[in-house]
Amino acid sequence: MEPNQILSLRTTTTDPEHVKVIQWEDFQHDLARLASLSSALAEANEKKCNLHHKLESLIQGNVESLGRLNELEEMRQKLESKKMVMENMSIHSRLAKENASKQEEQLTGEVQSLLVAGGALSGSSRNLQESSILLLSDENGYVHMRKLQKMLRRRQQHMISQISMLYPVKILVGPSQEQELEAYPSGNLAGTSAGLKPANQGSLTIHGLHLNVLSFRRMSFFTDKKEIQGSATALGYVAHAVSLIASYLQVPLRYPFRLCASHSYIVDNAPSTELTSEASSNANTNTKHVEFPLFLEGQDITRAAYAVFLLNKDLEQLLNFIDAKSLGPRHVLANLRELLRIIQSSAFIDSLI
C-alpha cells in the first residue's frame, strides 16, 4: 500500500455519509494513541477493581466494627443494670444487717430480763416452798392463818350484812302475785336450776319494791308507768347490791355494771350475734362490748329482759363462789335473798374448816 494511499473508514455500516478519511501517518499516530489509551484504560479498570475490593473490605470491616460496638453497648448496659442490682442488694443487705443487729440487741436485753425474772421466780418459788414447809411443820402458823381467814370472813359477813340492811329483801304477807322477773318468758335460755323451789316468789320485795314481769311481757301505751319505774328502781337496787357484794368477796363479775340508779346498764363483753345486730344503732355499743339496759323506759323489751338474765347470771356466779346453787334463771330476788342469807349464816365461816 502506498504511503499516501488514503484509507477510508466507515463509522457505520449503514450510513455512507458518515465516512471519515484519515491519512496513514495520522492513522499510526491515532493507533498508538488509542493503544496507550487502551492500556491506560486497562490500568484504570484494574485500579478500579482493586479500589472496589479494598472498599468492600473496608465496608465489611466497618459493618463488623459497628456490630461489635453494638454488642459492647449491650454488654455495657447489662453491666450497668447488674451493677445497679448489686448496689440495691448491698443496700438491702446493709439494712438487714442493721435490723439484725437491733433485734439481736433487743433479744439480748429480753434474754437478760428473762434470766433476771427466772432467777426472781426461782427465789420466790424456794421461799414459797420454805414457807409451806414451815406452815405445815409449825402448827401455830397454820392456826394463825386460819384465824386470819376467819377474821376476813367475819369482816366480809359484817360488811354484807350492812348491804342487807341497806337493801332488805323481804317476803310480804298478802295475796300472791306474779312479781318475780323472768329473763325470758319462753324459758329458752338455759339456767342452772338445781331443782330447788324458792319461797313464794310473788311476795318478794327489795326495799319495798316489786319486780313486775307483766310490764316486761306486755308493754303498751296503757301500761302503768309507776310499775315500770318501780321495776327499774328495784333492778338498780339489785345491781348496786350485787356490785358491792362482789367487791367485798373480791369476785370479778363476768358481767359488770354501769350503775346509774334506776337507769343502770349491764355489760356483756361477748354478746350474741342477734343482740349485737339489734344494738348496732345504740350509742352505748362499741366493738369491745355491748351494754344492756336494766330498765324498760324507751328501751327494747328483749334487750331489757336479756339484761335481767345477765344480772341473774352474776348472782349465780356469786352463789357458786360460796358453794351454793342458784334457784333458777327466773328468780332474781330469791337468788339475792339466798345469797345474803348464806353469807350471814354461821356456815359461811365454818366452811373454812
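Select Gln250, just after helix H4, where phi turns positive at about 60°. Gln250 is not a glycine, yet phi has that sign. This is a predicted model: local features need pLDDT of at least 70, side-chain atom pairs count only at pLDDT 80 or more, and totals for chains, interfaces and linings use all residues. Residues are numbered from 1 along each chain as its sequence is written, and side-chain values use heavy atoms, with hydrogens and water left out.

**Around helix H4**

Stay on Gln250. The residue belongs to the loop between H4 and strand S5 (257–258). Helices (H or I, at least four residues) and strands (E, at least two) are DSSP runs, numbered from the N terminus. Is Gln250 buried or exposed? Gln250 counts as exposed, at 65% relative accessibility. The classes are buried (under 20% relative accessible area), exposed (over 50%) and partly exposed (in between), with a 1.4 Å probe and protein chains only.

Now select H4 itself, residues 225–249. What span should its 25 residues have at 1.5 Å a residue? The expected value is 36 Å, and the end C-alpha atoms are 36 Å apart, which agrees. Expected span here means 1.5 Å times one less than the number of residues.

**A second positive phi**

Move to Ala261. Its phi is near 55°, again positive in a residue other than glycine. Ala261 sits in the loop between S5 and S6. At 58% relative accessibility, Ala261 counts as exposed.

**Aromatic pairs**

Next, show the rings. The structure holds four aromatic pairs. Rings of Phe, Tyr and Trp (its six-membered ring) pair if their centres lie within 6.5 Å; planes under 30 degrees apart count as stacked, over 60 as edge-to-face and the rest as tilted.

Select Tyr167 and Tyr237. This aromatic pair is tilted, with 5.2 Å centre to centre and 35° between the planes. Tyr167 lies in the loop between helix H2 (139–166) and strand S3 (169–171), and Tyr237 in helix H4, so the pair ties together parts 70 residues apart in sequence. Tyr167 counts as buried at 10% relative accessibility. Tyr237 is partly exposed, with a relative accessible area of 24%.

Go on to Tyr265 and Phe295. Their ring centres are 5.4 Å apart and their planes stand at 85°, so the pair is edge-to-face. Tyr265 is in strand S6 (residues 265–268), and Phe295 is in the loop between strand S7 (290–293) and helix H6 (301–321). The pair links distant parts of the chain, 30 residues apart. Both Tyr265 and Phe295 are buried.

Then pick Phe292, Tyr306 and Phe309. These residues form one aromatic cluster.

**A charge over a ring**

Select Arg153 and Phe348. Where does the charged end of Arg153 sit? That end is over the ring of Phe348, 4.3 Å from its centre. The criterion is NZ of Lys or CZ of Arg within 6 Å of the ring centre and within 35 degrees of the ring normal.

**Salt bridges**

How many salt bridges does a search of the whole structure find? The search finds four. Each is a side-chain nitrogen of Lys or Arg within 4 Å of a carboxyl oxygen of Asp or Glu.

Start with Glu291 and Arg258. Their side chains meet in a salt bridge at 3.0 Å, N to O. Glu291 lies in strand S7 and Arg258 in strand S5, so the pair ties together parts 33 residues apart in sequence. Glu291 counts as buried at 8% relative accessibility, while Arg258 is partly exposed at 31%.

Next, take Lys313 and Glu316. They form a salt bridge whose closest N and O atoms are 3.4 Å apart. Both lie in helix H6, three residues apart, about one turn of the helix. Glu316 is buried, with a relative accessible area of 9%.

Now jump to helix H1 (residues 24–137), and find Glu73 and Arg76. In this salt bridge the closest N and O atoms are 2.5 Å apart. The partners are separated by about one helical turn, being three residues apart. Glu73 is partly exposed at 33% relative accessible area, and Arg76 is partly exposed at 41%.

**Last stop: residues 62–89**

Select residues 62–89, which UniProt lists as "coiled-coil region" in an unreviewed entry. UniProt positions follow the numbering used here, feature names are shortened, and annotations may be inferred rather than shown by experiment. In the model this stretch is 100% helix and 0% strand. Its end C-alpha atoms are 40 Å apart.
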